[in-house]
Amino acid sequence: MSGIKARLDAISAIINYQPTHAPLNFHDTKPTDVFGSNVFNDKVMSERLPKGVYKSVKKTIAFGEKLDPSVADVVANAMKDWAIEKGATHFTHVFYPLTGQTAEKHDAFLVPDGKGGAVAEFSGKMLIQGEPDASSFPSGGLRATFEARGYTAWDVTSPAYIYENPNGTFLCIPTAFVSWTGEALDKKTPLLRSLQSLNKQAKRVLKLFGVATKSPVTSFAGAEQEYFLIDRNFVFSRPDILISGRSLFGAKPAKGQEFEDQYFGVVPRRVLSFMMEVERELYKLGVPVKTRHNEVAPSQFEIAPIFEPGNLATDHNQLIMTTMRTVAKRYGMICLLHEKPFAGINGSGKHLNYSLGNDELGSLFDPGDTPHSNAQFLVFCAAAIRALHKYGALLRATVASASNDHRLGANEAPPAIMSAYLGEQLADVFEQHRRGHPAPAAHGSGRPQPHQPLRLHRQPLRVPRCGLLPLHRRSPGGPECHDDRIPGLHRHRAREAGQGQQDPVQRRRPEGSAEDHAGS
């Protein structure tokens with residue numbers, strides 16, 4: 001078939017497209033009833049676990065205490081019964097090897113009973129540890145193939161969930177993936193280890209300020225996922241897009257992004273139907289997706305959740321990508337997650353909104369109303385700047401890949417550039433300290449910006465406007481604090497109109513600005 005004939009057939013198929021299944025019913029089922037319905041979350045555990053077992057698991061989740069092996073069988077039995085009630089026939093340890101994708105091996109609950117029947121079986125040992133073959137997973141040259149045994153270990157801080165398929169469901173258990181000798185073979189293990197180190201060092205610094213906290217200091221993140229939706233008929237006629245996820249040859253379209261009219265434009269009806277179904281599926285999995293909109297390039301869109309603990313946010317981002325790929329096929333489209341699918345137009349990525357803190361302290365990156373005298377904030381802010389300067393090469397390595405380094409060509413900044421930008425007000429505060437004469441900021445009204453933009457790889461890390469001081473140290477007459485984006489973190493009430501410095505992150509971004517860049 002000639003290229004012209006294939007294109008004409010694809011256009012004809014698109015024109016005559018009809019949905020293959022009935023619309024979702026949003027009237028009978030409320031989103032609040034759906035949210036978290038397929039998650040073995042705190043509510044389910046409190047209902048199904050004995051009180052002592054529930055408290056033990058909660059301590060492990062909340063404070064990082066060692067899991068009591070004696071409770072594993074009880075948790076596994078409750079998890080099995082809950083999953084089977086929801087139609088699950090199999091369970092799997094979900095892990096994230098160095099392939100850039102999710103991996104899983106399914107095992108059945110049913111085992112023969114020796115009498116011609118079968119019984120459901122799921123022990124604590126099966127829950128805590130699995131042994132998938134690791135011979136074909138990348139290991140960075142750590143081991144020879146014949147030595148490549150790998151082990152999955154239950155991550156109790158990330159809840160198990162039920163994943164639905166048209167022909168059934170199965171239980172998914174988030175896990176870390178390591179070798180026999182403890183080397184990390186995945187991306188979750190280094191993250192969990194970094195969170196332990198973060199908590200230890202942050203509490204060491206807080207101790208110098210006389211601040212004690214029971215809860216671990218942890219990271220909070222919200223990854224804004226960008227993606228392209230392309231009709232399957234076009235994709236199937238392009239082997240380069242079908243195989244590599246991006247165009248390797250071709251020509252510029254007649255209409256690109258010259259007028260930027262796609263950005264925040266009205267979402268096409270077919271795409272909006274896709275977005276709504278994706279959100280419904282993610283609600284079931286407890287993923288707090290919040291935002292959807294058209295992105296800069298034609299056929300480019302974005303979905304973004306609210307802040308969550310960093311480990312959970314990472315797992316949820318994997319679920320977001322998996323769900324989008326699956327649902328797109330139901331609407332006759334392919335979801336492209338490549339950082340640069342097409343030459344000459346905006347690339348996709350993740351703008352990572354990031355913060356540090358906990359429910360007792362608030363955000364450690366919050367400058368408060370007097371950043372020039374807020375020593376605790378200045379120390380943590382300076383530590384982040386110093387880390388970027390000292391470990392820039394390591395941070396660079398975390399985002400270096402053939403696909404990410406190929407993003408240049410439209411609005412993206414070079415991914416090799418590692419930089420930090422504090423904004424005029426905070427830059428002035430640090431300059432005054434350098435001169436040894438700290439004073440209230442000279443810019444604006446002296447009040448901090450609603451978000452303090454700290455940019456890495458020219459990406460804005462939007463830190464929510466949260467109260468910094470511990471609750472017991474805040475003045476009784478201080479402003480009220482509200483922020484539903486991070487559980488337990490607090491934000492000052494809205495300022496009166498016209499007061500304060502304008503938030504640069506909220507302005508309409510010009511072409512080539514940081515938010516147009518593809519993130520890591």
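# A guided reading of the predicted model

Trp 82 is located in helix α5, which covers residues 72–85. The structure shown here is a predicted model, and this tryptophan serves as the point of entry. Because its relative accessibility is 4%, Trp 82 counts as buried. Its surroundings can be listed by name: leaving aside residues up to four places away in sequence, Trp 82 touches Ser 37, Asn 38, Val 39, Phe 40, Val 44, Arg 48, Tyr 161, Ile 162 and Leu 171. For Leu 171, a partner 89 residues apart from Trp 82 along the chain, the separation of the C-alpha atoms is 9.5 Å.

The chain as a whole may now be considered. It has 520 residues, of which 47% count as buried. Its secondary structure comes to 14 helices and 17 strands. Among contacts in the chain with a separation of 6 or more, 69% are accounted for by residues 24 or more positions apart. The contact of Trp 82 with Leu 171 spans 89 residues along the chain.

Charged pairs provide the next step. How many salt bridges does a search of the whole structure find? The search finds 15. One of the salt bridges is formed by Lys 188 and Asp 315, whose closest N and O atoms are 2.9 Å apart. Lys 188 belongs to helix α7 (residues 188–208) and Asp 315 to helix α11, so this pair ties together parts of the chain that are 127 residues apart in sequence. Are Lys 188 and Asp 315 buried or exposed? Both residues are buried.

Two further salt bridges involve residues at intermediate accessibility. The side chains of Lys 255 and Asp 261 meet at 3.3 Å, N to O. Lys 255 counts as partly exposed because its relative accessibility is 49%, and Asp 261 is likewise partly exposed, with a relative accessible area of 44%. Asp 405 forms a salt bridge with Arg 396, and here the closest N and O atoms are 3.1 Å apart. With a relative accessible area of 34%, Asp 405 is partly exposed. Salt bridges with shared partners also join Asp 155, Lys 188 and Asp 315 into one network.

Arg 396 itself is placed in helix α13, residues 392–399. Not counting residues up to four places away in sequence, Arg 396 touches Asp 405, Pro 415, Ala 416 and Met 418. The C-alpha atoms of Arg 396 and Ile 417 are separated by 8.2 Å, with their positions 21 residues apart along the chain counted as the distance apart.

Helix α11, which holds Asp 315, spans residues 310–330 and also contains Asn 317. Asn 317 counts as buried because its relative accessibility is 10%, under the 20% limit for that class. Its side chain makes a polar contact with the side chain of Gln 225, at 3.3 Å. Beyond residues up to four places away in sequence, Asn 317 touches Ala 223, Gln 225 and Lys 350.

The packing of two helices offers another view. Helix α12 (residues 375–390) and helix α14 (residues 424–435) pack at an angle of about 100°, and their axes are 12 Å apart. That angle makes α12 roughly perpendicular to α14, since the range from 65 to 115 degrees counts as such. Which residues meet where these helices pack? From α12 come Phe 377, Leu 378, Cys 381 and Ala 382, and from α14 come Leu 426, Val 429, Phe 430 and His 433. By class, this contact has 7 nonpolar residues, 1 polar residue and no charged residues.

The final stop is a loop and its backbone. Most residues other than glycine have a negative phi. Glu 260 has a positive phi of about 55° although it is not a glycine, and it is found in the loop between α9 (239–244) and α10 (269–284). Phe 264 is found in the loop between α9 and α10 as well, and its phi is also positive, at about 60°, although it is not a glycine. Which of the terms buried or exposed applies to Glu 260? Glu 260 is buried, with a relative accessible area of 18%, whereas Phe 264 is exposed, with a relative accessible area of 52%.

Methods: Residues are numbered from 1 along each chain as its sequence is written. This is a predicted model: local features need pLDDT of at least 70, side-chain atom pairs count only at pLDDT 80 or more; totals for chains, interfaces and linings use all residues. Side-chain values use heavy atoms; hydrogens and water are left out. Axes are lines fitted to C-alpha atoms, for helices over the stretch in contact, and angles run from 0 to 180 degrees between N-to-C directions. Helices (H or I, at least four residues) and strands (E, at least two) are DSSP runs, numbered from the N terminus. Angles under 35 degrees count as roughly parallel, over 145 as roughly antiparallel, 65 to 115 as roughly perpendicular and the rest as oblique. Contact means heavy atoms within 4.5 Å. Ala, Val, Leu, Ile, Met, Phe, Trp, Tyr, Cys and Pro count as nonpolar, Asp, Glu, Lys and Arg as charged, and the others, Gly among them, as polar. Buried means under 20% relative accessible area, exposed over 50%, partly exposed in between (1.4 Å probe, protein chains only). A polar contact is a pair of N or O atoms within 3.5 Å; within protein, one must be able to donate a hydrogen and the other to accept it, and residues adjacent in sequence count only if both atoms are side-chain atoms. A salt bridge is a side-chain nitrogen of Lys or Arg within 4 Å of a carboxyl oxygen of Asp or Glu.
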